[in-house]
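This report describes a structure for a reader who works with computed models. The sequence and coordinates come first, and the description follows.

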Amino acid sequence: MIVVMNPKVTDSDIDIVRKELESKGLSVHLSQGSTYCIIGIVGDASNIDPDKLLTFDGVDKVLKVQHPFKKANRLFKPEDSIIKVENTLVGGSNLGIMAGPCSVESEEQIIEIAKKVKASGANFLRGGAFKPRTSPYSFQGLELEGLRLLKLAKKETGLPIVTEIMSTDYIDDFVREVDVIQVGARNMQNFDLLKQLGKTDKPILLKRGLSATIEEWLMSAEYIMAGGNENIILCERGIRTYEGYTRNTLDLSAVPVVKRLSHLPIIVDPSHAAGYWYLVEPLAKAAIAAGADGLMIEVHNNPQCALSDGQQSIKPESFDELMKKIKVLAEIEGKNI
Ligand code: PEP
Ligand code: MN
């Protein structure tokens with residue numbers, strides 16, 4: 001349920017409504033802009049009488065919210081959320097371009113790639129240190145050493161770092177060492193991990209699960225937000241379908257659907273959606289045209305020898321060419337990098 005207040009309402013009127021709701025055991029989420037003031041009710045509002053609320057000064061309307069997600073809901077917060085990562089913004093008119101290898105492999109590798117993607121216009125460095133691999137015999141990542149190398153690359157380039165967490169065991173290390181904590185597709189419904197991340201104030205990149213509906217995905221965001229952390233960037237990375245010529249099927253419609261349902265920024269990862277390097281450019285361009293708030297792209301200086309996902313990684317030169325086109329598309333969409 002949301003209580004739409006008159007935009008010119010006084011603080012004390014807001015306070016009276018807030019106290020009324022809190023006395024019923026509910027928590028409230030206030031969202032105020034120059035033209036609106038909304039009190040979102042979080043929790044089971046079945047014991048609330050909308051007619052009674054309408055008698056309070058400053059209350060214009062009381063609306064039932066159909067969706068199970070509340071804090072992530074655009075009705076709770078009409079304007080786009082903009083996530084601040086150090087001096088870089090993602091959301092609104094700001095594109096977040098996250099580029100780098102699937103896995104951090106060595107100091108030379110990550111620093112070389114970081115310098116190149118930065119020169120082409122990326123504003124984040126991605127790189128996996130803890131890797132969720134299908135086979136236990138595949139490269140599992142450099143783990144804590146990988147975080148250390150990412151930090152070295154950040155020191156060289158200034159790019160904030162995005163890397164995946166797989167276990168609650170390492171939350172303290174990630175909070176200390178990382179700028180954006182990625183929750184991968186396989187962990188989208190690891191509710192224990194989501195709850196723990198909700199207690200931090202770190203920006204979270206929440207990827208869509210392999211077979212997750214948009215509603216399940218937004219409910220995962222809600223888990224993090226319910227804990228108090230509202231710094232979430234969503235990432236569409238393709239969903240599992242019957243199609244065999246691509247690794248996954250990029251669900252581009254998720255971009256406008258999420259934008260309608262939620263105020264959270266949404267970026268697109270064409271690399272994991274496609275599974276093949278030659279599909280990355282067309283899908284990346286389509287994502288920006290569809291209104292995405294950014295991209296996550298796997299870039300490797302030597303894809304043939306990559307320890308993971310070489311087949312879908314583009315070379316720094318191709319990334320550079322792609323970025324020239326992305327900048328033109330961004331301008332059409334009224335966005336900047
Ligand atoms: C990744 O970003 O390297 C990754 C493993 O992605 P996903 O969780 O989308 O498969
Ligand atoms: Mn990968």
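The sections below treat the basis of the values, the metal site, the ligand pocket, the salt bridges and a surface patch.

## Basis of the values

The structure is a predicted model, in which local features need pLDDT of at least 70 and side-chain atom pairs count only at pLDDT 80 or more, while totals for chains, interfaces and linings use all residues. Residues are numbered from 1 along each chain as its sequence is written, chains are lettered from A and ligands numbered from 1 in the order in which they are written, and side-chain values use heavy atoms, with hydrogens and water left out.

## The manganese site

The manganese ion (ligand 2) has as its protein donors Cys102 (SG), His272 (NE2), Glu298 (OE) and Asp309 (OD), at 2.1 to 2.4 Å. Donors here are N, O and S atoms within 2.8 Å of the metal (3.2 Å for Na, K and Ca), and since water is not among the atoms, sites may look incomplete. Along the chain, the donors of this ion follow the spacing C-x169-H-x25-E-x10-D. Glu298 belongs to strand E14 and Asp309 to the loop between E14 and helix H11 (316-332), so this pair ties together parts that are eleven residues apart in sequence; helices (H or I, at least four residues) and strands (E, at least two) are DSSP runs, numbered from the N terminus.

Glu298 counts as buried, at 1% relative accessibility, and Asp309 also counts as buried, at 14%. Buried means under 20% relative accessible area, exposed over 50%, and partly exposed in between (1.4 Å probe, protein chains only).

## Surroundings of ligand 1

Ligand 1 is surrounded by 13 residues, of which the closest are Arg126, Lys131, Ala185, Lys207 and Arg237; a residue is counted if one of its heavy atoms lies within 4 Å. Polar contacts are pairs of N or O atoms within 3.5 Å; within protein, one must be able to donate a hydrogen and the other to accept it, and residues adjacent in sequence count only if both atoms are side-chain atoms.

A polar side-chain atom of Arg237 lies 2.7 Å from an oxygen atom of ligand 1, and for Lys207 the corresponding distance is 2.8 Å. His272, a donor to the manganese ion, has a side-chain N or O atom 3.2 Å from an oxygen atom of ligand 1. Taken alone, ligand 1 exposes 300 Å², and the protein buries 97% of that; accessible areas come from the Shrake-Rupley method with a 1.4 Å probe, and for residues only the protein chains shown count as cover.

## Salt bridges

The structure holds 24 salt bridges, each defined as a side-chain nitrogen of Lys or Arg within 4 Å of a carboxyl oxygen of Asp or Glu. One of them joins Arg126 and Glu298 (3.5 Å, N to O). Arg126 lies in strand E8 (residues 124-126) and Glu298 in strand E14 (residues 294-298), so the pair ties together parts that are 172 residues apart in sequence. Arg126 counts as buried, at 2% relative accessibility.

A network of salt bridges links Lys151, Asp173, Arg176 and Glu177. Within this network, Glu177 meets Lys151 at 2.8 Å, N to O, and Arg176 at 3.3 Å. Glu177 is partly exposed, at 21% relative accessibility, as is Lys151, at 38%, whereas Arg176 is exposed, at 54%.

## A nonpolar surface patch

Tyr276, Trp277 and Tyr278 form a nonpolar patch on the surface, with about 380 Å² of accessible area together. Patches are made of residues with over 30% relative accessible area and no salt bridge, like charges being joined within 9 Å and nonpolar side chains (Val, Leu, Ile, Met, Phe, Trp, Tyr) within 5 Å. Trp277 sits in the loop between helix H9 (270-274) and helix H10 (280-289), and Trp277 is exposed, with a relative accessible area of 54%.
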